[in-house]
Amino acid sequence: MTDPEEPPAALRPLLFSIAYRMLGTVSDAEDIVQETFLRYQRALADGTRIESTRAYLSAVTTRLAIDHLRSARVRRESYVGQWLPEPLLTDHGEEDPAAHAEQADSLSMAFLLVLERLNPVERAVFLLHDVFGYGYDEVARIVGKTEANSRQLATRARRHLEESRQRFDASRQEQQDLAERFFAAVTDGDVDRLVDVLAADVVVYGDGGGKAPQWMVPIAGVDKVARLFAAVGRQMREVGVRLQLREVNGHPGALVLDADGRIINVFVLDLADGVVQTVRSVINPDKLRHLGPVADVRALMRELRSRPE
């Protein structure tokens, strides 16, 4: 018997939100949600009594995500270059500012990367309780721990996260304005304007996964980063590439599109104190396919090199 107040299909966004924050990958999160519903249908067919659809589906999703994370850790260790979460577009129209700020905080790439420091169960306990509002009694049943142990795990996870969690003090409009200035300076290849909007200790991270040209190590410092993005802007103009400003993981970002509108890579910015603190670039094609057709980056690079000086 299922509870009639909450149709299973209506819970899909919640389940995806749990799985994505657990894994940092859109495709894997979608696969886990699909498997969750398959298991739910099998349970019903077997005559399993389900007191709460929400509790049952959340538990299955979380357990599948924990199992996936345990196997994914081995793959992450052999990942070529820097690993970043798969970008998620989050500009879905106007919404409550407080709700947006809460979503932006728990969806940001910075936050998802901090979660990587937690083991799978710690991550599940923290997300279920602190982000999704599940009681410790529910969390304990989901992760197979006692309620007291779940509280301890959440406290430990919270301590790890607070040590490195970033705070974003600008309003949504201020962030958008700063992002527009940054991307306009990139497009124009203007080093001086880039210096004006970059933090002194700005850092750039790139994720190509060995499948597309990308920066293999972080690039730090305002002068290096300003020159880097000025050069990127000049290359973009030469091959007819354009930027489409979007909100990515709750923060300002941009899709980089070729002349045919295919996705080359995604930039997402961390902004604080009126400047750009961090730039993350995801160019691994496997991490972009959920956003639309993906460009052949290596072909674009060959075209760029073939142009006369």
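## A salt bridge to start with

Let's open with a pair of side chains: Arg-246 and Asp-91 come together in a salt bridge, with N to O at 2.7 Å. Across the interface of domain 1 and domain 2, the rule turns up one salt bridge. Keep in mind that this is a predicted model.

Polar contacts add to the picture. Between domain 1 and domain 2, the count comes to 15 residue pairs in polar contact, both partners at pLDDT 80 or more.

## Who sits on the domain 1 side

On the side of domain 1 that touches domain 2, α4 (97-107) and α5 (109-115) each chip in at least two residues. The largest share, four residues, is down to α5.

What about the chemistry of that side? Its residues split into 16 nonpolar, six polar and three charged.

## The two domains and what they bury

Stepping back, the domain assignment cuts the chain into domain 1 (8-163) and domain 2 (172-306). Their C-alpha centres are 28 Å apart. As for who touches whom, 25 residues of domain 1 are in contact with 29 residues of domain 2.

People often give the size of an interface as the accessible area lost when the parts come together. Here, domain 1 and domain 2 bury about 2300 Å² between them, and 54% of that is on carbon and sulfur atoms. Within domain 1, the residues losing the most area to domain 2 are Gln-82, Pro-87 and Leu-89, which together make up 29% of what that side buries.

Technical notes
Residues numbered from 1 in each chain as written. Predicted model: local features only at pLDDT ≥ 70, side-chain atom pairs only at ≥ 80, totals over all residues. Heavy atoms only, no water. Domains from an automatic or database assignment. Contact = heavy atoms within 4.5 Å. Buried area = accessible area lost by both parts, 1.4 Å probe. Salt bridge = Lys/Arg side-chain N within 4 Å of Asp/Glu carboxyl O. Polar contact = N/O pair within 3.5 Å; in protein donor to acceptor, adjacent residues only side chain to side chain. Nonpolar A, V, L, I, M, F, W, Y, C, P; charged D, E, K, R; others polar.
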